[in-house]
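Biologist: Could you take me through this structure slowly, giving the reasons behind each term as you go?

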Amino acid sequence: MTAPPSSPTDVTTDRRYSAADELLRSYRPATDRFFASPSGTLLARGVRAAVRHGPEPLPVRVRSALQAARTDRTPVPVAIGAVPFHVTEPCAVAVPRVMYRAPALAADPAFASVVPPSSAWRGRLRPLPGPEGYASAVEAVLELLRSGELSKVVLARALDVTSDRDLDLPGLLRRLAVSDPAAHVFAVPSGGGRTLLGASPELLVARRGRTVTTVLLAGSRPRGADPRQDAQYAAELRTSDKDRREHTILVDAALEALHPHCTHLDRPPVPRLSATATMWHLATAVTGTLADEHITALALACALHPTPAVCGTPTPAAQRAIRELERFDRGMYTGLVGWEDLHGDGEWALAIRCAEATSRTARLFAGAGIVAGSCPQAETAETGAKFATVLRALGVQP
Ligand SMILES: C=C(O[C@H]1C=CC=C(C(=O)O)[C@@H]1O)C(=O)O
């Protein structure tokens, strides 16, 4: 295994690197930040400027860190990391000391040729809450929806995994990437000795110059156990009125949030089906032309966040319902993970299909959008299927 060249005195924040798989192989937990998407692969090492916590808006604080890190050798530094669901809480974003870049993992012939087997896992699982507790929380959301105050709430649950042996985080990251090569695959230190790892199918914002893109996912089914069942689930999703309503709420909210920032917005008239290794989703990609060329990727992400893909509609009432009905702190889950540079270009994905891991523990998260007509048992099964993204990579048979 060849590690990318770096030394403790290295202060370069922009090195060209060609092999995406080599970046994945070089990932070291605790010191590194890894982010791979269909448009490229980043491996960041060390911290040159951390984004400070404070009263200023997050995009302003990230920009200050980027400006502080600018040097003659690195005229366009990049900040990379994760932002919690509550964006005013401390974030885990930093400008690294060294940044390696490569094209997309899927474009590297070496990628996926070496898949470390997950050794037989031994340990304990503790759901938070259990399936019955989650189903009754969904009932409580349905009751709130009947009051007419809300039209959608995304309700989540967690699953604590405790392993008898140390977790192999680089192996977990590789298995996530191999299972979902089209996803946004990430591993970033998220504070308190934890690492946030996952494979998110949902791009909240990509900004390149004046072009902004968001890929909106809402409405889901698990993948089937065989091709016939898989096709049946996909067909069910395509024709489900409840899922189409759940999806429309998200698209309408995103268009409303982007409208003031764009001279032009393009959206397909109907959602398409999009697949991950574990889930089918209804997906709509929206592209816009920015009116203000100075608005950054993160400022756009904050204008959209929290979308009805992770929170609900209307936002304040959905946030209240989440606070009252979920029994854990979301932390980074359903926040943002990604990068942005000093020009304001960047990619921020939703931190979903993820876990926060320590040496022997991982807290997995999964949520589902609840609208009128949702069935508590089906939403419980959907969140169970969403856990499988990380569970399979951990080698846990649920
Ligand atoms: C909140 C999650 O998924 C969101 C993203 C896509 C589809 C979703 C749904 O159909 O409910 C969720 O809104 C999660 O995976 O934890």
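**Reading the model term by term**

Modeller: UniProt, in an unreviewed entry, places the feature "domain: Chorismate-utilising enzyme C-terminal" at residues 132-386, and what we look at here is a predicted model. In that model the end C-alpha atoms of residues 132-386 lie 17 Å apart, and the span is 34% helix and 36% strand.

Biologist: Why are α4 and α9 called oblique to each other?

Modeller: The axes of helix α4 (residues 169-179) and helix α9 (residues 376-394) come within 8 Å and cross at roughly 125 degrees. Angles of 65 to 115 degrees count as roughly perpendicular and those over 145 as roughly antiparallel, with the rest of the range above 35 degrees taken as oblique, and α4 and α9 are therefore oblique. The crossing in which α4 passes α9 is right-handed.

Biologist: Which residues in α4 and α9 meet, and what makes up their contact in terms of nonpolar, polar and charged residues?

Modeller: From α4 come L172, R175, L176 and S179, which meet R392, A393 and L394 in α9. The residues of this contact of α4 with α9 divide into four nonpolar, one polar and two charged.

Biologist: What makes α2 roughly antiparallel to α7?

Modeller: Helix α2 (residues 58-69) and helix α7 (residues 297-304) have axes that come within 9 Å and cross at roughly 165 degrees. Because angles over 145 degrees count as roughly antiparallel, that crossing makes α2 roughly antiparallel to α7. α2 passes α7 in a right-handed crossing.

Biologist: How do you know which kinds of residue form the contact of α2 with α7?

Modeller: L58, P59 and V62 in α2 meet L298, A299 and C302 in α7. Since Ala, Val, Leu, Cys and Pro count as nonpolar, the contact of α2 with α7 divides into six nonpolar, no polar and no charged residues.

Biologist: Turning to the ligand, how many residues surround it, and which are the closest?

Modeller: The ligand is surrounded by 18 residues, and the closest are L217, S220, I352, G367 and G369. Two or more residues of this shell are given by each of β9 (152-163), β13 (211-222) and β21 (361-370), and β21 gives the most, with five residues. By kind, the residues of the shell around the ligand divide into ten nonpolar, five polar and three charged.

Biologist: Where are the cis peptide bonds that involve P129 and P314, and what are their omega values?

Modeller: One cis peptide bond joins L128 and P129, with omega about -5 degrees, and P129 has its place in the loop between β8 (123-128) and α3 (131-146). Another joins T313 and P314, where omega is about -10 degrees, and P314 lies in the loop between β17 (312-313) and α8 (315-325). Most peptide bonds are trans.

Biologist: What is phi of A30, and where is the place of A30?

Modeller: Phi of A30 is near 80 degrees, a positive value in a residue other than glycine. Most residues other than glycine have a negative phi. The place of A30 is in the loop between α1 (20-26) and β2 (32-37).

Definitions and conventions: Residues are numbered from 1 along each chain as its sequence is written. This is a predicted model: local features need pLDDT of at least 70, side-chain atom pairs count only at pLDDT 80 or more; totals for chains, interfaces and linings use all residues. UniProt positions are given in the numbering used here, feature names are shortened, and annotations may be inferred rather than shown by experiment. Helices (H or I, at least four residues) and strands (E, at least two) are DSSP runs, numbered from the N terminus. Axes are lines fitted to C-alpha atoms, for helices over the stretch in contact, and angles run from 0 to 180 degrees between N-to-C directions. A crossing is left-handed if the near helix is turned anticlockwise from the far one by less than a right angle, and right-handed if clockwise. Two residues are in contact if their C-beta atoms, placed from the backbone, lie within 7 Å. A residue is near a molecule or strand if its C-beta atom, placed from the backbone, lies within 6 Å of it.
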